[in-house]
Every structure is written in C-alpha cells, then in structure tokens.
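These are my notes from a first pass through a structure that was new to me. I took the metal sites before the charged side chains.

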Amino acid sequence: MRLDLREIIEVPGGSVPFETELDTGRLSFPSVKAYKSSPRAQGRVYNEAGVLHLEGRLTADMVCICDRCGAEFDSVKELPLEATIVEEESEEYPELYVLDGNEIDLDEILSTLFILDMDSKFLCREDCKGLCPKCGADLNEGDCGCRADPDPRLAVLEQLLDDTDQTN
Ligand SMILES: [Zn+2]
Ligand SMILES: [Zn+2]
C-alpha cells in the first residue's frame with residue numbers, strides 16, 4: 001500500500017492515518033512456521049514542525065519453531081512503529097525513509113521495521129532446556145537418564161588415581 005502525503009507535506013500539525021495488512025510473502029524467517037493471519041498495522045504519519053514522522057503499532061500472530069527443542073509455539077508480536085521520512089536520501093542517516101514524490105511505500109517501510117525488529121532467538125519459553133544431544137529426548141519433559149560425557153581430562157586424572165590405588 002502506498003500512502004499519499006500530499007495534504008500534510010507542507011502543513012505542520014497535519015496528519016494522515018493508515019491501517020493496512022502486510023503481505024507475508026517477504027516476511028519469511030526460518031523460525032516462523034506460519035502467520036495465523038496477515039500482520040496488521042495502524043497508525044499515522046504526521047508533520048511536526050516540517051518533519052514527517054510515522055508512528056503506530058504492528059501486530060503479528062505467528063506459529064514459531066523453538067530454536068532449542070524444535071517445538072511449535074504460538075507467539076504474538078507487538079511492535080511499536082517509529083520512523084522519520086525525509087525528502088532526500090542521506091548517507092549520514094541511512095535509517096531514514098525517503099518520500100517518493102508525495103507518497104511513501106508503506107509496505108516497504110513497515111516490512112523493514114518488522115524485519116529489523118525480528119527476534120534473533122525463538123524460544124518456546126525463556127528457560128527451554130532443549131533436546132538431549134545423545135538420545136534426542138525433550139529435556140523439558142524430564143531427565144532422559146543419559147549421563148553427560150565425562151570431561152576427557154577428568155578421565156585421565158581418574159585413571160591416574162586408579163593406578164596409584166593399585167600400587168599402594
Ligand atoms: Zn523449546
Ligand atoms: Zn538422553
């Protein structure tokens with residue numbers, strides 16, 4: 001969706017509301033299995049003392065895959081939207097969004113904000129214990145009984161101690 005800002009570009013105090021759904025085609029992440037519905041965004045672009053700001057809120061209802069245990073879990077992401085829109089691109093401030101004529105490409109801006117904010121870790125819960133590296137059991141469901149591999153340095157030490165025991 002493109003948003004026409006003609007009415008407020010030269011009008012400090014003016015604002016243009018928006019409400020839109022994001023196309024999830026560009027929003028694929030390995031840890032997001034599905035979007036339960038298209039992410040929704042609403043907000044406004046307003047002119048404050050001659051500078052255009054975008055503000056609003058984006059909500060995404062997702063089915064995610066835990067990075068540690070592989071379980072699917074539901075996650076609702078709520079993202080506050082904040083961006084500044086300028087008339088000309090500037091190398092000094094690459095985080096600013098640029099007007100295209102009198103319009104902005106709202107989808108582009110919202111998708112970028114969403115991607116930049118995407119969690120780097122997807123966990124079914126904060127303290128997910130993950131899977132046993134030996135048997136693959138889900139350690140959240142209890143101890144599988146496997147013993148952790150002994151530290152090889154400790155094994156050498158134990159061997160030495162055993163030898164000492166035998167000589168005495
Ligand atoms: Zn997990
Ligand atoms: Zn195990």
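What arrangement do the 4 donor atoms make around the zinc ion (ligand 1)? I looked up the angles they subtend, which are 107 to 112 degrees, so the arrangement is tetrahedral. I note here that the model is predicted.

**Entry 1: zinc ion (ligand 1)**

I listed the protein donors of this ion as the SG atoms of C66, C69, C124 and C128, lying 2.3 Å from the zinc. Along the sequence I read their spacing as C-x2-C-x54-C-x3-C. I then looked up accessibility for two of these donors. C128 has a relative accessible area of 4% and is buried. C124 comes out at 27%, so I entered C124 as partly exposed.

**Entry 2: zinc ion (ligand 2)**

I found the protein donors of the second ion to be C132, C135, C144 and C146, each through SG, at 2.2 to 2.4 Å. The site is tetrahedral, with angles of 105 to 111 degrees among the 4 donor atoms. The donors follow the spacing C-x2-C-x8-C-x1-C along the chain. I placed C135 and C146 in the loop between α2 (106-117) and α3 (152-167), 11 residues apart. For C135 I noted a relative accessible area of 44%, which is partly exposed. C146 is also partly exposed, at 30%.

**Entry 3: salt bridges**

How many salt bridges does the structure hold? I recorded 10.

I looked at the one between D100 and R2, where the closest N and O atoms are 2.7 Å apart. D100 sits in the loop between β7 (97-98) and β8 (103-105), while R2 is in strand β1 (residues 2-4), and 98 residues separate the pair. I have D100 as partly exposed at 47% relative accessibility, and R2 as partly exposed at 41%. I also noted that R2, D100 and E103 are linked in a network of salt bridges.

K36 forms a salt bridge with D74, with closest N and O atoms 2.9 Å apart. I traced K36 to the loop between β3 (32-35) and β4 (40-48) and D74 to strand β6, 38 residues apart. K36 is partly exposed at 46%, whereas D74 is exposed at 53%.

I then checked E78 and R57, which form a salt bridge with 3.1 Å between the closest N and O atoms. E78 lies in strand β6 and R57 in strand β5 (residues 51-65), so the bridge ties together parts 21 residues apart in sequence. I have both as partly exposed, E78 with a relative accessible area of 46% and R57 with 41%.

**Entry 4: two charged residues looked up for burial**

Is K77 buried or exposed? K77 has a relative accessible area of 8%, so I entered K77 as buried. K77 lies in strand β6 (residues 72-86). I found a polar contact of 2.9 Å joining the side chains of K77 and D117. Leaving out residues up to four places away in sequence, K77 touches L58, T59, A60, M62, F114, D117, M118 and D119.

I turned next to D107, which is found in helix α2. Which side chain of opposite charge is nearest to D107? I found R26, 5.6 Å away; D107 is buried yet has no salt bridge. With residues up to four places away in sequence not counted, I listed the contacts of D107 as M1, T20, E21 and R26.

Conventions: Residues are numbered from 1 along each chain as its sequence is written. Chains are lettered from A and ligands numbered from 1 in the order in which they are written. This is a predicted model: local features need pLDDT of at least 70, side-chain atom pairs count only at pLDDT 80 or more; totals for chains, interfaces and linings use all residues. Side-chain values use heavy atoms; hydrogens and water are left out. Donors are N, O and S atoms within 2.8 Å of the metal (3.2 Å for Na, K and Ca); water is not among the atoms, so sites may look incomplete. Four donors count as tetrahedral if all angles lie between 85 and 135 degrees; four count as square planar and six as octahedral if opposite donors are over 155 degrees apart and all others between 65 and 115; anything else is irregular. Helices (H or I, at least four residues) and strands (E, at least two) are DSSP runs, numbered from the N terminus. Buried means under 20% relative accessible area, exposed over 50%, partly exposed in between (1.4 Å probe, protein chains only). Lys and Arg count as positive and Asp and Glu as negative; His and the chain ends are not counted. A salt bridge is a side-chain nitrogen of Lys or Arg within 4 Å of a carboxyl oxygen of Asp or Glu. Contact means heavy atoms within 4.5 Å. A polar contact is a pair of N or O atoms within 3.5 Å; within protein, one must be able to donate a hydrogen and the other to accept it, and residues adjacent in sequence count only if both atoms are side-chain atoms.
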